[in-house]
Each structure stands twice: as structure tokens, then as C-alpha cells.
Amino acid sequence: MWFAAALVATVVAVMHLVGAGRYGIFANELYFIVCGRHPAIGYVDQPPLVPLLAAATQLGGTNAWLLRLPAVFAAIALVPLTVAFAQLLGGSTRAAWLAAVAAAASALITAMTAALSTSSFEPLTFTAVAYFIARGVLRAESRAFWWAGLIAGLALEVKYGIVFWLLGIALGLALFGNRSVWRSRDFWIGAAIAVLLVLPNAAWQIAHGLPFLERTQRQRR
């Protein structure tokens, strides 16, 4: 089963690493670099992690290939994670192969990870949060909720969109899951870890009058 993950992940790595520097830096990527060169715990239109990552990759000078490495690693890591999820859910070796190929061959995921953006990490972080919550529920591994909270908190420092994913998981657990999850101390510890990680950025947004929400409302008009 893990042979499938290793083989497909290697193919993904080669394809992304070969292509990462073959086209110029996009406007959004340049914007991330500029933002990251003015370090802050928050920005008007996004959390801080992607800008800081973008700027860190360019410390030695402008390099498109290095700029996209974080997104490439996200694409590679998604493959074994998807295989592990298939295994957790009782999938066979054939299911593992199908899961690995699906994670690698998705056109949308490939597009999201071909360049650095706040969306590049969504497939990986969304899947990882669901995976660790599933481990906590299906295998009663309560410490898995800690990892889910850690990843959720980091994801919130990348893009706020995971809030809707978390709400969907919470609703699913409330309606169809084991109610004992809500009485688990480790579940709430995981939630607290996520809150603590996003707290600095949330405080920045509040201190500056919630500019992200204001900008979002203006775009909808």
C-alpha cells in the first residue's frame, strides 16, 4: 500500500520540480513577496503565513523555482496522506492506488499547487484535518484531535476558508457522529490549539477594524 504512495508521490515531485521554474512569477506571487518583506501578524486581505513564506524563499534573490517549493511540497505530501486516509477507512491495496492516483492527477489540485497562493495548501490541510478527526473518532485516538487543531490553526494562518470546512465537520459530528466526541477533553484541547494559533492574526484584524471582512463585503457589491 505504501509502495503506491511512494511511487505516485515521486512522480508528482518530479513533474512539479521540473516545471516549477519554467514560467515567470505571477502578479499575486509578487504581491506575496512584497507583503512578506514587510513582516506582520496580519494583512488587510489575508493571513500572514503565505507572504512570510514567499519572502523567505527570496532571501537570496528572485527565484521562481524556490518560490514555488512550498506549494510543491504540499502537492507531494497530499499523496501519502490520501493513501493513509483510504487505509484508515478500510480501503484495500487497490483503493490505495486509486486514492494516490486521484490525489496526483486531479487537474484542480495540480493547478492550485503549480504556483504559490493561499489556495495551494487547502487540499493538504483540509484533508489532514479530516484525517486526524477521523482517527480520533474511528480509532478512539483522542490525541489525534490535537493534531487536527494544530493543522487547523496553521491553515487559518494561510487562508480563512477552512472555517467553512471546520463548520461542516462540526455539523457532521453533531448530527451523525459519536456524541462522546463532544465530551472529550482532547477534542477541546485541539480546538484550543487552533484558537491560540489564529489568535494573533485575529487580534490584528480586530484592532484594525476587520479589514478583511470589509474588503470581502465590498467585492460582493
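Colleague: In this predicted model, does Leu-210 count as buried, partly exposed or exposed?

Modeller: Leu-210 sits in the loop between α11 and α12, where its phi is near 50°, a positive value in a residue other than glycine. Buried would require under 20% relative accessible area and exposed over 50%. Because the relative accessibility of Leu-210 is 36%, the residue counts as partly exposed.

Colleague: Which residue just after α11 takes a positive phi of about 80°?

Modeller: Leu-210, in the loop between α11 and α12, has a positive phi near 50°. The positive phi of about 80°, just after α11, belongs to Gly-209.

Colleague: Where in α11 does the kink lie?

Modeller: Helix α11 covers residues 185–207, and its 23 residues reach 31 Å from the first C-alpha to the last, close to the 33 Å expected at 1.5 Å a residue. The helix nevertheless has a kink of about 50°, which lies shortly before the proline Pro-200, at Leu-199.

Colleague: Which residue has a side-chain oxygen that reaches the backbone nitrogen of Asp-186 at the start of α11?

Modeller: Asp-186 has its place in helix α11, and its backbone nitrogen is approached at the start of that helix by a side-chain oxygen to within 3.3 Å. The residue that supplies this oxygen is Ser-184.

Colleague: Is Asp-186 buried or exposed, and which residues does it contact beyond its neighbours in sequence?

Modeller: Since its relative accessibility is 9%, and buried means under 20%, Asp-186 counts as buried. The buried residues of α11 also include Phe-187, Gly-190 and Trp-204. Leaving aside neighbours within four places in sequence, Asp-186 is in contact with Ser-142, Arg-143, Phe-145 and Trp-146.

Colleague: Is Ala-140 buried or exposed?

Modeller: Ala-140 lies in the loop between α8 (122–138) and α9 (144–156), and its phi near 55° is a positive value in a residue other than glycine. Because its relative accessible area is 64%, beyond the cut-off of over 50%, Ala-140 is exposed.

Colleague: What is the handedness of the crossing of α5 and α6?

Modeller: Helix α5 (residues 69–88) packs with helix α6 (residues 93–105) at an angle of about 145°, and their axes are 8 Å apart. From α5, Leu-78, Val-79, Thr-82, Val-83 and Ala-86 meet a set of alanines in α6, namely Ala-95, Ala-96, Ala-99, Ala-100, Ala-103 and Ala-104. The crossing of the two helices is right-handed.

Colleague: Which residues does Leu-49 touch, not counting residues up to four places away in sequence?

Modeller: Leu-49 belongs to helix α3 (residues 49–57), and at 30% relative accessibility it counts as partly exposed. Its C-alpha atom is separated by 20 Å from that of Ala-191, which is 142 residues apart from it along the chain. With residues up to four places away set aside, Leu-49 touches Leu-154, Glu-157 and Val-158.

Colleague: Which residue offers its backbone oxygen to a polar side-chain atom of Thr-216 at 2.8 Å?

Modeller: Thr-216 is found in helix α12 (residues 211–220), and because its relative accessibility is 18%, which is under the 20% cut-off, Thr-216 counts as buried. A polar atom of its side chain lies 2.8 Å from a backbone oxygen, and the residue that carries this oxygen is Phe-212.

Methods. Residues numbered from 1 in each chain as written. Predicted model: local features only at pLDDT ≥ 70, side-chain atom pairs only at ≥ 80, totals over all residues. Heavy atoms only, no water. Helix = DSSP H or I, 4+ residues; strand = E, 2+ residues; numbered from the N terminus. Expected span 1.5 Å × (residues − 1). Bend = angle between axes of the 7 residues up to and from the residue. Buried < 20%, exposed > 50% of the residue type's maximum accessible area, 1.4 Å probe, protein only. Polar contact = N/O pair within 3.5 Å; in protein donor to acceptor, adjacent residues only side chain to side chain. Axes fitted to C-alpha atoms, helices over the stretch in contact; angles between N-to-C directions. Left-handed = near helix turned anticlockwise from the far one by under 90°. Contact = heavy atoms within 4.5 Å.
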